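Okay, thanks for coming, everyone. I've got one model to walk you through today, so let me put it up on the screen.

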Amino acid sequence: MKPTLAPFPASRLRRTRQSAALRSLVSQNSLSPSDFIWPIFVMEGQDDETPIASMPGVTRKTVDRAVIAAKEAHALGIPAICIFPYTGMEARTEDCALAWSPENISNKAIRAIKDAVPDIAIMTDIALDPYNFNGHDGFVENGQIVNDRTVEALVKMALAQANAGADILGPSDMMDGRIGAIRSALESHNHQNVTILSYSAKYASAFYGPFRDAVGASSALTGDKKTYQMDPANSDEALRLIARDLSEGADMVMVKPGMPYLDICRQVKDNFGVPTFAYQVSGEYAMLQAAAQNGWLDGDAVMMESLMCFKRAGCDGVLTYFAPAAAKLLNG
Ligand code: PBG
């Protein structure tokens, strides 16, 4: 149903914009700390944090510091955090075995946070890139990223994370068939209630650069990820990927990156009506922070505007490095 507009002057669209009271009355979308998933980088060590140069305000944290961050997030009303491991070259191997070790830094962090902050939901990342010596999300054989052998490893990784206590698994690898394989392994290993938030429409984007610095992947990565991540020129394919992942047992889906892909978010929500998330990625965060630090943009204002746009585009929530800062502002 299209609204019918009376001709001017019967219709003056500025009427409902004239005061803060009227603007708030007619506003269609709202932002709350409960819309955020906060990505956190964890590293080995004790009582330590290291800044990430290309992500001002973001640090890699030892597990004890990540626990403090999780407590802070919970107190701010942020419902979920997402854990990403930092791994040096020495931890990376050809067989990526650390990926499914219960003792890897990610699984240690999951257990520690579950123990200290049982009410916050813990999301993970499923992909081999932090453990692979070549920085790829899958095994490389003769220069090719092989699919099915990678999926077997991702299933082991998923089970190790579920055993550690993860609530939301985040397969970010873009291999075919991984959602179905992970879902059936969860069912047969007594993890019926573990949810999957699939990185369904993940593009081969240059906006991931600062993240790769944060997790130690920048120097490791050989080549690009274009044979598994999507071409930024495509949108129909995103809808096929979402449909496929839902049919294999994903509970929630993600579009990534965020702000340059809001058209995809809207199409996903309109076509499927499922819990839809966007990842406001490291490069988006870096752009806004850099401009704010130079005094070129109002940092708080662009942060809030960028986050609200995800809601307007149909997202139910956003993974964002701004989560604690935005939650603080929202909480007054
Ligand atoms: C790795 C992964 C990436 C991000 C999340 N998981 C990088 C990549 O695919 O190379 C990017 C997140 C960000 O840029 O903030 N599987």
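Before I point at anything, one bit of vocabulary: buried means under 20% relative accessible area, exposed is over 50%, and partly exposed is in between, using a 1.4 Å probe and protein chains only. Helices (H or I, at least four residues) and strands (E, at least two) are DSSP runs, numbered from the N terminus.

Also, this is a predicted model, where local features need pLDDT of at least 70, side-chain atom pairs count only at pLDDT 80 or more, and totals for chains, interfaces and linings use all residues. Residues are numbered from 1 along each chain as its sequence is written, and side-chain values use heavy atoms, with hydrogens and water left out.

Right, strand β1, residues 36-43. Phe 36, Trp 38, Ile 40 and Val 42 point one way, Ile 37, Pro 39, Phe 41 and Met 43 point the other way, and all of them are buried. That's eight of the eight residues, so β1 is largely enclosed by the rest of the structure. As general background, side chains in a regular strand alternate between the two faces of the sheet.

So which strands does β1 pair with? By pairing I mean that DSSP finds at least two bridges between two strands. β1 runs parallel to β12, with two bridges, and there Phe 36 sits opposite Val 318. With β4 the pairing is parallel too, over six bridges, and Phe 41 faces Phe 84. Then there's β3, residues 59-62, parallel to β1 through three bridges; here Phe 41 has Arg 60 as its bridge partner.

Now jump to β11, residues 276-280. Five of its five residues are buried, so this strand is largely enclosed by the rest of the structure as well. Thr 276, Ala 278 and Gln 280 point one way, with Phe 277 and Tyr 279 going the other way. β11 is parallel to β10, residues 252-256, with three bridges, and Met 254 stands opposite Phe 277. It's also parallel to β12, residues 317-320, over four bridges, where Tyr 279 is across from Leu 319.

Follow the chain from β10 through helix α8, residues 262-272, to β11 and you trace a right-handed β-α-β unit. Right-handed here means that, with the strands pointing away from the viewer, the path from the first strand over the helix to the second runs clockwise.

A few backbone oddities next. Most residues other than glycine have a negative phi, and most peptide bonds are trans. Phe 8 to Pro 9, though, is a cis peptide bond, with omega near 10°, and Pro 9 is in the segment before α1. Lys 256 to Pro 257 is cis as well, with omega near -5°; Pro 257 is in the loop between β10 and α8.

What about phi at Cys 96? It's near 55°, a positive value in a residue other than glycine. Cys 96 lies in the loop between β4 and α3 and is buried, at a relative accessible area of 0%. Met 174 has a positive phi too, near 65°. You'll find Met 174 in the loop between β8 and α5, buried, with a relative accessible area of 8%.

That's my tour; questions welcome.
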